[in-house]
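Hi,

Here is the structure I said I'd pass along. Have a look at it first, and then read on for what turned up.

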Amino acid sequence: MNCRPLIRHLLATCAALLMLAPVPGYAEAEGRLFQPVGENLMIAPPPGWRLAYMNGDPEGDYVVDFLPANEAHDSWREGYMGVQRRSFPDAGLLANIRARNVTVPQVALSEVMQGAQRNCPGRFVPMSQKDGSTNNIPLSVSGGFCDRVGPSAPYGEGTVLAVYQGKERLFVVQFSWRPPTENALKQYPYRISPAGLQQFLDLLNAATLCGGPDEGKCPN
């Protein structure tokens, strides 16, 4: 059974979309652990969350997953955080995007969210897309809630997704959650409390870059 988030699968198929410093406890993580080289997105996981998975190329594309301390990577419920470092689109596609007077994050996130709505087996409640910047990093943020995903998320799955445009790389950060029961948090359209959603948004807005041109050295 594949229990990775729904939008994570969509990211893997989106050509336009293609970081993190290790945290205490990372020896428990699965996959290949390494110190990233080059431009990196520095963003903290929620308090108490652990590094659960890491894989990829230290000098290229990679993915890092965080989970609450009591969650298993193949059966999480409370929450999930994923970070990806990705290459820019090829020169032709990049020129086309710039000619349209939009940013790579805008285009990439729009395509992913359209795919999320098409691929949700049930009802999808979208969030509005916000385009702008944080800490001088071009950024687009959106998300939504699919009320029927499959056996891994019987009561649906919500996600808030951000795409950052660095000077050398793209970074994709995803926070996801799954209601624990059929009726939990039904008073909220995305099945998450306003405080819980705001925590994810605050972490996204606090992200900074390091390791790239004029960005300063990343911490070890």
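Is Glu-215 buried or exposed? Glu-215 is buried, because its relative accessible area is 15% and the cut-off for buried is under 20%. Before you read too much into any of this, keep in mind that the model is predicted.

**The Glu-215 pair**

The partner of Glu-215 is Lys-167: their side chains meet in a salt bridge, at 3.7 Å from N to O. That pair ties together distant parts of the chain, with Lys-167 in the loop between β9 and β10 and Glu-215 in the segment after β11 (208-210), 48 residues apart. Lys-167 is a different story as far as accessibility goes: at a relative accessible area of 53%, Lys-167 is exposed. So one end of this bridge, Lys-167, counts as exposed, while the other end, Glu-215, counts as buried.

**The other salt bridges**

Searching the whole structure gives 4 salt bridges. Among them is the one between Arg-169 and Asp-61, where the N to O distance is 3.5 Å. This pair also links distant parts of the chain: Arg-169 sits in the loop between β9 (157-165) and β10 (170-177), Asp-61 sits in the loop between β3 (49-56) and β4 (62-68), and the two are 108 residues apart. Arg-169 counts as buried, because its relative accessibility is 17% and buried means under 20%. Asp-61, with a relative accessible area of 24%, is partly exposed.

Glu-157 and Arg-178 make another salt bridge, with their closest N and O atoms 2.9 Å apart. Here Glu-157 belongs to strand β9 and Arg-178 to the loop between β10 and α4 (194-205), 21 residues apart, and again the pair links distant parts of the chain. Both residues, Glu-157 and Arg-178, are buried.

There's a small network too: salt bridges with shared partners join Asp-61, Arg-86 and Arg-169. As general background, side chains of opposite charge can pair when their charged atoms come close.

**A hairpin to look at**

Away from the charges, take a look at β7 and β8. Strand β7 (residues 130-134) runs antiparallel to strand β8 (residues 137-146), and 5 bridges join them. If you want a pair to click on, Lys-130 has Val-141 in β8 as its bridge partner. The two strands form a hairpin with 2 residues between them, and Asn-135 in the turn has a positive phi of about 50 degrees.

Shout if you'd like to go through any of it together.

Cheers

How values were computed
Residues are numbered from 1 along each chain as its sequence is written. This is a predicted model: local features need pLDDT of at least 70, side-chain atom pairs count only at pLDDT 80 or more; totals for chains, interfaces and linings use all residues. Side-chain values use heavy atoms; hydrogens and water are left out. Helices (H or I, at least four residues) and strands (E, at least two) are DSSP runs, numbered from the N terminus. Buried means under 20% relative accessible area, exposed over 50%, partly exposed in between (1.4 Å probe, protein chains only). Two strands pair if DSSP finds at least two bridges between them.
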